[in-house]
Amino acid sequence: MTKPPKSKPLLGDVDAPIRSRPRRKRVPDQPALPFDPLPERVEPALALLKQRPPSRGLSWEIKWDGYRIHVHVEPGRVRVLTRGGHDWTHRFPAIAKAAEELGPATMILDGEAVVFDDQGRSDFNLLQASLGATGKAPGNLTSDALMMAFDLIYFDGHDLRGVEYASRRHLLEDLLRSSENAIRLSEAVDGDPDTIFDHACRLGLEGIVGKKLDSTYRSGRTEDWVKCKCVLSDAFLIVGYEPSTSLTGGFASLLLAAYDGDSLVYVGNVGTGFKHTQVSDLRSILDKLRWKRKQPPVEYGGARKVAWVHPTLIAEIEYRAWTSDRKLRHSSFKGLREVQDNADVYRTSDEAEGS
């Protein structure tokens, strides 16, 4: 009978330190897989305005009425950036705290900061009130706003801008599936887009947004994303006011302007939608911004008596349509946008793209 072979001891020297095998050098023919650097800022993808939703190839969700933000998460650092690139982390503490709880993975979330009314609809006026936006100076109040996240453009060391939207959406859903804090998933809505749009309008929502499932993330306004608005709403610069003949210290209407390239063009006036307290407060602010040059800030051929002001304040305006001479029709004042972030001011090129 042969003897069994001697087994080797697990440790040749029980007192010697345990060491792992030395690392082999990387084979030059095998590709290295470096992490993508986290971008300091990403210009957001913007939706093209359509009167009615296209019928095929898009994933639909609610259009939220708030501030577009990107949330950057990295070890020991969270930033909440506005569309214009301003750091508003201190103004959205609930969102920043929720972002910290999503770590430790690095990521950039794309979404909208919103405040909901008692019927569960996002309300721009409530958001502005929570931020203390009065136009007097950059606000310092903190807001209890939530973030409705609708895209994931960087995750765990990988830049996802070149990845199709369907895959980005899948990762986002996995990330936020159980989230019940201040960062929530903007749910996709299945069904016929015309029916979805009609229901959104009946419920008093701002509209819907559709995204091509096979599209990559492209900054700027492209046809990859489209939006359908129940009521049109955009931001315009206040360039003057028509003094009131009946209310001392008030005004009859505000004169508005949009960008045409690098210049400003007059796009009409707004005389409704103001609360009584807003009129006197706005008038006192506007009087401090009086235009002292001979030539007004925009070309104007109207007959109104106008007090021109420096184009500093930004108003969010609801309107029904554009007239044939490119003026706002049936406009109504919604509120002031933040002075330090004018990235949303309307451009006449937007009108051409949305027609």
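These exercises work through a predicted model of one chain.

**Exercise 1. The chain as a whole**

Task: State how many helices and strands the chain has, and what share of its residues is buried.

Solution:
- Step 1. Start with the secondary structure. It comes to six helices and 19 strands.
- Step 2. Turn to burial. Of the 355 residues in the chain, 46% are buried.
- Step 3. Take the surface. The chain exposes about 19,800 Å². Carbon and sulfur atoms supply 50% of that area.
- Step 4. Look at the contacts with a separation of 6 or more. Residues 24 or more positions apart account for 68% of them.

**Exercise 2. Helix H3**

Task: Compare the expected span of helix H3 with the distance between its end C-alpha atoms. Then work out where its buried residues lie around the axis.

Solution:
- Step 1. H3 covers residues 165-176, which makes twelve residues. At 1.5 Å a residue, the helix should span 16 Å.
- Step 2. The end C-alpha atoms are 16 Å apart, so the two values agree.
- Step 3. List the buried residues of H3. They are Tyr165, Arg168, Arg169, Leu172, Leu175 and Leu176.
- Step 4. Look down the axis of H3. The buried residues fall within an arc of 120°, so they line one face of the helix.
- Step 5. Recall the helix geometry. An α-helix has 3.6 residues a turn, so residues three or four places apart point the same way.

**Exercise 3. Helix H5**

Task: Repeat the analysis for helix H5, and name strands that cover its buried residues.

Solution:
- Step 1. H5 runs over residues 276-287 and has twelve residues. From first C-alpha to last, H5 reaches 18 Å, close to the 16 Å expected at 1.5 Å a residue.
- Step 2. Val279, Leu282, Arg283, Ile285 and Leu286 are the buried residues of H5.
- Step 3. Around the axis, they cover an arc of only 165°, which puts them on the same side of H5.
- Step 4. Find the cover. It includes strand E12 (232-243), strand E13 (251-260) and strand E19 (332-336).

**Exercise 4. Strand E2 in its sheet**

Task: Place strand E2 in its sheet. Then identify the partners of tryptophan 60 in E10 and in E9.

Solution:
- Step 1. Write the strand order. Five strands form an open sheet, E1-E11-E10-E2-E9, with mixed pairing.
- Step 2. Mark the edges. Strand E1 (45-49) and E9 each pair on one side only.
- Step 3. Pair E2 with strand E10 (residues 207-212). Five bridges join them, and the strands run antiparallel. Tryptophan 60 stands opposite glycine 210 in E10. Leucine 58 has lysine 212 as its bridge partner in E10.
- Step 4. Pair E2 with strand E9 (residues 188-189). This pairing is antiparallel too, over two bridges. In E9, valine 189 is the bridge partner of tryptophan 60.
- Step 5. Check burial. E2 spans residues 58-62, and five of its five residues are buried, so the strand is largely enclosed by the rest of the structure.

**Exercise 5. Glutamate 316**

Task: Decide whether glutamate 316 is buried or exposed, and find the side chains that glutamate 316 joins by polar contacts.

Solution:
- Step 1. Locate the residue. Glutamate 316 sits in strand E16 (residues 314-319).
- Step 2. Apply the cut-off. Buried means under 20% relative accessible area. Glutamate 316 has 5%, so it is buried.
- Step 3. Find the polar contacts. The side chain of glutamate 316 joins that of serine 233 at 2.7 Å. A second polar contact, of 2.9 Å, links it to the side chain of arginine 337.
- Step 4. Survey the neighbors, leaving out residues up to four places away in sequence. Glutamate 316 touches Phe124, Ser233, Asp234, Ala235, Ser332, Phe333, Lys334, Gly335 and Arg337.

Note on methods: Residues are numbered from 1 along each chain as its sequence is written. This is a predicted model: local features need pLDDT of at least 70, side-chain atom pairs count only at pLDDT 80 or more; totals for chains, interfaces and linings use all residues. Side-chain values use heavy atoms; hydrogens and water are left out. Helices (H or I, at least four residues) and strands (E, at least two) are DSSP runs, numbered from the N terminus. The expected span of a helix is 1.5 Å times one less than its number of residues. Buried means under 20% relative accessible area, exposed over 50%, partly exposed in between (1.4 Å probe, protein chains only). The arc is that of the directions from the helix axis to the C-beta atoms. Contact means heavy atoms within 4.5 Å. Accessible areas come from the Shrake-Rupley method with a 1.4 Å probe; for residues, only the protein chains shown count as cover. A polar contact is a pair of N or O atoms within 3.5 Å; within protein, one must be able to donate a hydrogen and the other to accept it, and residues adjacent in sequence count only if both atoms are side-chain atoms. Two strands pair if DSSP finds at least two bridges between them.
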